[in-house]
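Thanks for sharing this one with me. Here are my notes, written so you can follow along with the structure open.

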Amino acid sequence: MGGRGWRLGLPITVLIAYRTVGTGYTIQIQRKERNRGMRVTLKISGMHCTDCAVSIQKALTTTPGVESATVSYLKKHAVVEVPEGVGIRSLVTAVEQAGYNAEPVSTGL
């Protein structure tokens, strides 16, 4: 991945087409622009097992604005993708409300 139109492994533009061909097959084309955003890495403390990681991932993915979240019990961190304008504090708060501690360690594309 990483070619034109790709960022963070996700398509920025989705192309789908509608066209009827001789045998009746239909192809749909639709263009959808995806907002550019950022990737935030949070250091997580207080996890004791993989179920803890699942709880944190659920808390993050249900936070408004979060596009995706991956939590690693082994690495003790979470990687969260959000559009620009979503506050990092809201991510930390979501983790804290789930009963764990979080500290931002990096942000970027």
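The points below go from the whole chain to one strand and its neighbours.

1. Please keep in mind that this is a predicted model. The protein chain contains two helices and ten strands. Followed along the sequence, these elements come in the order β-β-β-β-β-β-β-α-β-β-α-β.

2. On packing, 29% of the 109 residues in the protein chain count as buried. The exposed surface of the chain comes to about 7200 Å², and carbon and sulfur atoms supply 53% of that area. Among contacts with a separation of 6 or more, 55% are between residues 24 or more positions apart.

3. Strand E9, residues 77-83, is a good place to look next. Is E9 mostly covered or mostly open? Mostly covered: five of its seven residues are buried, meaning that each of the five has under 20% relative accessible area.

4. One partner of E9 is strand E7, residues 37-45. The two strands run antiparallel and are joined by seven bridges. If you want a pair to find on screen, try arginine 39, whose bridge partner in E9 is glutamate 81.

5. Strand E8, residues 68-72, also pairs with E9, again in the antiparallel sense, over five bridges. Here serine 72 stands opposite histidine 77 of E9.

6. How many residues lie between E8 and E9 in their hairpin? There are four, and one residue in the turn deserves a look: lysine 76 has a positive phi of about 60°.

How values were computed:
Residues numbered from 1 in each chain as written. Predicted model: local features only at pLDDT ≥ 70, side-chain atom pairs only at ≥ 80, totals over all residues. Heavy atoms only, no water. Buried < 20%, exposed > 50% of the residue type's maximum accessible area, 1.4 Å probe, protein only. Pairing = 2+ DSSP bridges. Contact = heavy atoms within 4.5 Å. Areas by Shrake-Rupley, 256 points an atom, 1.4 Å probe, with all protein chains shown as cover.
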